[in-house]
Amino acid sequence: MINIPRHKVFISYYHKDDQWYKDQLLALNDAYNLFDDYSVHEDEIDDTGMTDEDIRQEIRDNYIKKATVLVLLCGKNTRTRKHIDWEIHAAMYHSNANPQMGILVINVDGDNGQIACGKEEEDVISPYIHWTPLQKDIASLKERYPDLPDRIIENIARDEVSITVANWNNIANDVEKIKYLIDRAYERRYSNKYDHSTPLRRRNS
């Protein structure tokens, strides 16, 4: 994990619940120069009268801009927030101006189930646990990963998509792990065949 390059990262999170984790991640970044940060604050976008395409374009072109990796800090209420769904959708959308992004999910609330994309990632994230094969049907994924947003679940279920899910407690004490997993997400950004056809969430729940 030596000489891993820095990448342009957009941090998606629910500020009311999970601001502490974002602050900790940015503190690690300030100390160890892990990535370039791009972020948007909740409720900065008024979606009144906007189409799904308008929202996607506003976020991707005016907020995320040239970010190449989306890091989703996932807590208990993350999946209910409309702005997070918008950000995930924008990250998955490919255009000539702003190509699609790689995605890394970090569970912030204890042990909510992890997904490693390959043996090397298993050894980096948690080398001492027993990894079981991933059941990629949506019902099984929702049961195993109840906090993940639906759009993430729908794409993890696809054979053409690889999204890593790691627990905060397993990586926060090792900045090389964080940088490695961001780099892995970056390397997969073009090979993922995202499904972003589900309509955008229009309200919080």
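**Figure 1. Helices and strands of the protein chain.** The protein chain contains eight helices and five strands. The model shown in this and the following figures is predicted. Read along the sequence, the order of these elements is β-α-β-α-β-α-β-α-α-α-β-α-α. The pattern therefore begins with a strand and ends with two helices in succession.

**Figure 2. Overall dimensions and packing of the protein chain.** Along the principal axes, the C-alpha atoms occupy a box of roughly 50 × 40 × 35 Å. The radius of gyration is 16 Å, which agrees with the value near 17 Å for a compact globule of 205 residues. Of the 205 residues, 52% are buried. Among contacts with a separation of 6 or more, 79% are between residues 24 or more positions apart.

**Figure 3. Surface and charges of the protein chain.** The protein chain exposes about 9900 Å². Carbon and sulfur atoms supply 45% of this exposed area. The chain carries 27 positive and 36 negative charges. The mean position of the positive charges and that of the negative charges are 2 Å apart.

**Figure 4. Close-up of Trp86 and the residues it touches.** Trp86 belongs to helix α3, which covers residues 82-92. Because the relative accessible area of Trp86 is 3%, under the limit of 20%, this residue counts as buried. Leaving aside residues up to four places away in sequence, Trp86 touches Ile45, Asp47, Ile55, Ile59, Leu200 and Arg201. Lys119 provides a reference point elsewhere in the chain: Trp86 and Lys119 are 33 residues apart along the chain, and their C-alpha atoms are separated by 31 Å.

**Figure 5. Close-up of the cysteines Cys74 and Cys117.** A disulfide is a covalent bond between the sulfur atoms of two cysteines. A search of the whole structure finds zero disulfides. Cys74 is in no disulfide, and the nearest cysteine sulfur to that of Cys74 belongs to Cys117, 16 Å away. Cys117 is likewise in no disulfide, its nearest cysteine sulfur being that of Cys74. The separation of 16 Å does not meet the cut-off, because a disulfide requires two cysteine sulfur atoms within 2.5 Å.

**Figure 6. Burial of Cys74 and Cys117.** Cys74 has a relative accessibility of 0% and therefore counts as buried. Cys117 has a relative accessible area of 17%. Cys117 is also buried, because this value is under 20%.

Definitions and conventions:
Residues numbered from 1 in each chain as written. Predicted model: local features only at pLDDT ≥ 70, side-chain atom pairs only at ≥ 80, totals over all residues. Heavy atoms only, no water. Helix = DSSP H or I, 4+ residues; strand = E, 2+ residues; numbered from the N terminus. Rg over C-alpha atoms; globule rule 2.2 N^0.38 Å. Buried < 20%, exposed > 50% of the residue type's maximum accessible area, 1.4 Å probe, protein only. Contact = heavy atoms within 4.5 Å. Areas by Shrake-Rupley, 256 points an atom, 1.4 Å probe, with all protein chains shown as cover. Lys, Arg positive; Asp, Glu negative; His and termini not counted. Charge placed at Lys NZ, Arg CZ, Asp CG, Glu CD.
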